[in-house]
Amino acid sequence: GTEILGTQKGLVLGWRPAGGAPFTVRRHAGEVLSVELSRCGAFAGSASLDGSVVVGPLGGREASSSRACPDWVCTYPRPMQSVALCPAYASGGLESHALCAGGQEGKLTLTRRGRFVPKHITIHSGEGPIHRVQWRGTLIAWSNSRGVKVVDIETFQKVTHIPKPSLSASGTDGAERCCLTWAADDVLLVGWGHLVMVAVVRQKQGGPAGVRFASVAHSFQAPAGAVLGLAPFDSRHLAVVTQGPRGTGAEGGHIAHHVCTWAGRVLSCELVPTGGASPVALAAPLDGDVPHYVVTASAVIAAKRRSIADLAIWLIEHNAYEVAIALMRSSGSLEHAEGRKILSLCVAPLLARDEPRRAVGIIRQLRFTDIEAWQECIRLFQDVGQLSLLVPEIPVPPHGLQLDVEVYDSVLRCLAGMSPRTLRATLDRWPSHIFSATPLIKILHQTLPASITGGDASSSGEVGPQSKDPSPSDEADLLVESLALLQEAEGDLVSAVRLLTRTASSLLFPFITRHLPSDEAFHGCMAASFRRLFDLGQREALALAVAHPSVFQPSLVLAAVAPAGRWWEHRYLGLLRRAHGSADEFQETLVALRAELEPHNLVLRAGQLLASEGVAAVQGGGEGAVALDEEGPPSGGGPAADDP
């Protein structure tokens with residue numbers, strides 16, 4: 001199709017949206033005030049400041065059947081500000097050659113082309129200049145300073161009168177400007193000041209046949225300023241162009257193009273780059289399709305409809321990645337293939353710009369459910385050395401997708417050399433069955449010093465008296481703990497506890513506590529290593545010995561703690577007696593220790609005397625025989641380094 005516009009220099013120009021240079025349709029002696037295309041697209045009407053209204057062939061392919069038809073020129077006493085062509089212009093006989101015009105004379109004139117002279121019919125007059133005229137079917141709508149009126153020219157009966165909104169409702173900027181357009185044969189759009197009204201024409205029930213009336217079905221405040229133009233966007237939405245208040249943008253205020261519902265809810269809004277040029281109008285094609293055109297004094301700007309994919313691509317090009325993904329997800333258009341494409345369009349550029357945390361957020365939004373996409377994500381982050389940031393997002397069962405074992409293995413291998421802390425946390429979080437522990441154990445053995453991983457323990461599995469590395473690094477400790485967790489996953493508990501013991505890891509005693517009750521093969525190693533355990537943590541070692549007397553024989557425990565002082569023997573026996581009741585075979589030892597360290601806590605039954613050695617055997621184990629106070633050693637007693 002072809003579109004037309006008029007200029008201040010009197011030119012009526014045509015152009016084809018498909019391409020090509022503008023061409024001149026005709027020339028007026030004065031400024032062009034209004035232009036109109038016939039619905040068939042073959043004829044163009046124009047009204048000028050010189051008082052003339054001209055209708056003639058448009059030229060080009062659209063007018064091939066009407067080139068022989070000369071221009072029809074109508075002259076009026078005063079300039080016509082708006083012209084509307086008959087919807088069926090030139091489709092029938094001479095009577096279809098009709099136009100309706102209104103202007104400064106204050107008359108709305110219907111003119112039909114005659115064989116010799118035109119026939120003029122005054123539809124309305126006496127209420128001041130007419131600003132805008134629109135014709136649809138048999139209905140003509142026009143606006144003046146008092147409001148909008150609609151008349152049915154088939155019966156010449158008034159259909160409606162919509163009063164001009166008050167300034168308090170419409171605002172002051174642009175309050176005198178009225179925009180009119182038919183959205184359908186029975187729907188009229190009115191924009192006046194800041195107010196948009198949707199009037200619906202209906203058949204009058206119970207009255208004479210053919211009588212119609214109209215009423216405003218919807219009205220709402222235009223978003224962000226005065227209405228400069230409006231048109232149907234589609235069957236459910238409107239396009240509205242507004243001008244912001246003066247001083248908020250370029251001269252005359254910023255210009256914005258909105259898409260909104262019939263009830264006024266704004267769905268999208270974009271500023272129009274007019275460069276401050278004014279006036280501004282919205283031109284819509286006759287078929288109601290897009291693009292619409294925002295016309296300024298210096299440019300014609302196309303407002304094209306975009307698909308969700310088009311809009312998402314535009315957002316991505318303008319670095320609004322998160323908004324684009326949210327839009328695609330809400331519309332249901334985020335398919336697997338699109339998600340993979342976003343990896344290259346969004347994630348890769350972010351990583352290249354050193355924005356890995358934002359890239360992680362994008363992947364979190366995408367919620368990948370296919371293995372290949374996750375493999376690509378891992379590769380991208382691994383290439384830039386930022387894999388540790390992605391690891392918490394990698395899915396693992398039972399709550400997430402399970403990837404191939406090779407994928408998990410490659411991640412763990414990379415973390416071993418990149419981030420021991422992340423490796424340690426990952427092994428805690430990941431189920432052991434989703435990755436291969438043996439290859440990673442081998443890597444960690446090669447990475448750690450031989451003094452830590454060397455096999456200097458006896459063949460019995462006893463943990464020897466090695467001391468902790470005097471200056472271990474935090475990373476080495478984390479790798480040791482990771483290696484121990486892997487050995488635990490493989491069932492090699494002895495190797496794992498040996499590692500933890502050598503480094504005096506804080507995981508040692510929780511590890512033993514976790515496995516000691518259920519693994520009898522572990523008992524012998526632990527029993528033989530009690531002295532080393534006691535050196536690493538007296539309280540924790542005694543707690544283990546008291547909780548598992550069948551593993552840690554009391555006689556062996558007493559021998560192990562004896563070098564640390566008699567207070568620890570006293571402490572151990574007291575805890576053992578409290579946890580398991582009587583300990584007859586160590587009763588004399590316990591009383592002797594109590595007499596030595598806490599004589600004030602010895603209580604003798606009535607009638608019993610102390611032996612000459614200073615200690616009497618307390619017969620029986622009843623209540624009150626010996627009161628064991630385990631709160632702490634007597635003054636000056638027990639080792640100062642680890643006072644219980």
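# A tour from loop to core

Begin by selecting Phe 156, which sits in the loop between β14 (147-152) and β15 (157-163). Helices (H or I, at least four residues) and strands (E, at least two) are DSSP runs numbered from the N terminus. The model is a predicted one, in which local features need pLDDT of at least 70 and side-chain atom pairs count only at pLDDT 80 or more, while totals for chains, interfaces and linings use all residues. Residues are numbered from 1 along each chain as its sequence is written, and side-chain values use heavy atoms, with hydrogens and water left out.

**Backbone exceptions**

Most residues other than glycine have a negative phi, and most peptide bonds are trans. Phe 156 is not a glycine, yet its phi is positive, at about 55 degrees. With 43% relative accessibility, Phe 156 counts as partly exposed; buried means under 20% relative accessible area, exposed means over 50%, and partly exposed lies in between (1.4 Å probe, protein chains only).

Next, go to Ala 504, in the loop between α13 (493-502) and α14 (508-515). Ala 504 is also not a glycine and has a positive phi, of about 50 degrees. Its relative accessible area is 31%, so Ala 504 is partly exposed.

The next stop is the loop between α7 and α8, where Pro 398 lies. Show the bond between Pro 397 and Pro 398: this peptide bond is cis, with omega about 10 degrees.

**The whole chain**

Zoom out to the full protein chain, which has 20 helices and 26 strands. Of its 644 residues, 48% count as buried. Among contacts (heavy atoms within 4.5 Å) with a separation of 6 or more, 48% are between residues 24 or more positions apart.

**A strand position: Val 201**

Select Val 201 in strand β18 (residues 195-203). Val 201 has 9% relative accessibility and therefore counts as buried. Display what surrounds Val 201: leaving aside neighbours within four places in sequence, it is in contact with Leu 139, Val 159, Trp 182, Asp 186, Arg 212, Phe 213 and Ala 214. Leu 139 and Val 201 are 62 residues apart in sequence, and their C-alpha atoms are 9.7 Å apart.

**The nonpolar cores**

A nonpolar core is a set of buried Ala, Val, Leu, Ile, Met, Phe, Trp, Tyr and Cys residues joined through side-chain atoms within 4.5 Å. The largest one holds 57 residues, and within it Ile 394 and Trp 430 touch the most other members. Helix α8 (residues 405-418) supplies the largest share of this core, seven residues. Select Trp 430 and its surroundings: apart from neighbours within four places in sequence, its contacts are Val 391, Ile 394, Val 396, Tyr 408, Val 411, Leu 412 and Phe 435. A second, separate core has 36 residues, including Phe 530, Val 551, Phe 552 and Ala 560.

**Helices α9, α10 and α12**

Two packed helices are described by the angle between their axes and the distance between the axes. Here axes are lines fitted to C-alpha atoms, for helices over the stretch in contact, and angles run from 0 to 180 degrees between N-to-C directions.

Colour α9 (residues 420-429) and α12 (residues 474-489), which pack at about 25 degrees with their axes 8 Å apart. This makes α9 roughly parallel to α12; angles under 35 degrees count as roughly parallel, over 145 as roughly antiparallel, 65 to 115 as roughly perpendicular and the rest as oblique. Their crossing is left-handed, a term used if the near helix is turned anticlockwise from the far one by less than a right angle, with clockwise being right-handed. On the α9 side, the residues to show are Pro 420, Arg 421, Leu 423, Arg 424, Leu 427 and Asp 428; they meet Glu 475, Leu 478, Leu 479, Glu 481, Ser 482, Leu 485 and Leu 486 of α12. The contact divides into seven nonpolar, one polar and five charged residues, where Ala, Val, Leu, Ile, Met, Phe, Trp, Tyr, Cys and Pro count as nonpolar, Asp, Glu, Lys and Arg as charged, and the others, Gly among them, as polar.

Then add α10 (437-447): α9's buried residues pack against α7 (387-390), α8, α10 and α12. The axes of α10 and α12 come within 10 Å and cross at roughly 150 degrees. That makes α10 roughly antiparallel to α12. By class, their contact has seven nonpolar, four polar and no charged residues.

**Last stop: Val 546**

Finish at Val 546 in helix α17 (residues 538-547). Its relative accessibility is 10%, so Val 546 counts as buried. Not counting residues up to four places away in sequence, Val 546 touches Tyr 572, Leu 575, Leu 576, Ala 579 and His 580.
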